[in-house]
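Student: I am new to this structure and should like to work through it step by step. May we begin with the terms and then turn to the chain itself?

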Amino acid sequence: MAYLARSVSGRRLALKAVHGQYADGGFRVRFRREVATARQVGGASTAPCGR
């Protein structure tokens, strides 16, 4: 599940929550790849990735 959130400074960002049963080693690999791809995409309909 993904949420639109705000950082402490007010910056909009995407917050992704994953149920524990899905957070296996394979998930971590896929999530890192997803974040790397998301950082390359920009525009009005995308939220930036936080660190």
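Tutor: A residue is called exposed when its relative accessible area is over 50%, buried when that area is under 20%, and partly exposed in between. Please keep in mind that this is a predicted model.

Student: Is arginine 6 buried or exposed?

Tutor: Arginine 6 lies in strand E1, which covers residues 2–6. The cut-off for the upper class is over 50%. Because its relative accessibility is 58%, arginine 6 counts as exposed.

Student: Which residues is arginine 6 in contact with, leaving aside its neighbours within four places in sequence?

Tutor: The side chain of arginine 6 reaches the backbone oxygen of glycine 10 at 3.1 Å. Glycine 10, however, is within four places in sequence and is left aside here. The contacts that remain for arginine 6 are with Arg11 and Arg12.

Student: What pattern does the protein chain follow along the sequence?

Tutor: The protein chain has one helix and two strands. Strand E1 comprises residues 2–6, strand E2 residues 12–16, and helix H1 residues 25–40. Read along the sequence, the pattern is β-β-α.

Student: Which side chains meet in a salt bridge?

Tutor: The count of salt bridges comes to one. Its N to O distance is 2.9 Å, which falls within the 4 Å cut-off. The side chains that meet are those of glutamate 34 and lysine 16.

Student: How many residues apart in sequence are the parts that this pair ties together?

Tutor: Glutamate 34 is in helix H1, while lysine 16 is in strand E2. Glutamate 34 is partly exposed at 40% relative accessibility, and lysine 16 is partly exposed at 36%. Because one partner belongs to the helix and the other to the strand, the pair ties together parts whose separation in sequence is 18 residues.

Student: Which residues make the nonpolar surface patch of about 340 Å²?

Tutor: One member, leucine 15, is placed in strand E2. Patch residues need over 30% relative accessible area, and leucine 15, partly exposed, has 46%. The patch is made by Leu15, Tyr3 and Met1.

Student: What share of the area exposed by the protein chain do carbon and sulfur atoms supply?

Tutor: Of the 51 residues in the protein chain, 8% count as buried. The C-alpha trace spans about 30 × 20 × 20 Å along its principal axes. The chain exposes about 4,400 Å², and the share supplied by carbon and sulfur atoms is 56%.

Note on methods:
Residues are numbered from 1 along each chain as its sequence is written. This is a predicted model: local features need pLDDT of at least 70, side-chain atom pairs count only at pLDDT 80 or more; totals for chains, interfaces and linings use all residues. Side-chain values use heavy atoms; hydrogens and water are left out. Helices (H or I, at least four residues) and strands (E, at least two) are DSSP runs, numbered from the N terminus. Buried means under 20% relative accessible area, exposed over 50%, partly exposed in between (1.4 Å probe, protein chains only). Patches are made of residues with over 30% relative accessible area and no salt bridge: like charges are joined within 9 Å, nonpolar side chains (Val, Leu, Ile, Met, Phe, Trp, Tyr) within 5 Å. Accessible areas come from the Shrake-Rupley method with a 1.4 Å probe; for residues, only the protein chains shown count as cover. Contact means heavy atoms within 4.5 Å. A polar contact is a pair of N or O atoms within 3.5 Å; within protein, one must be able to donate a hydrogen and the other to accept it, and residues adjacent in sequence count only if both atoms are side-chain atoms.
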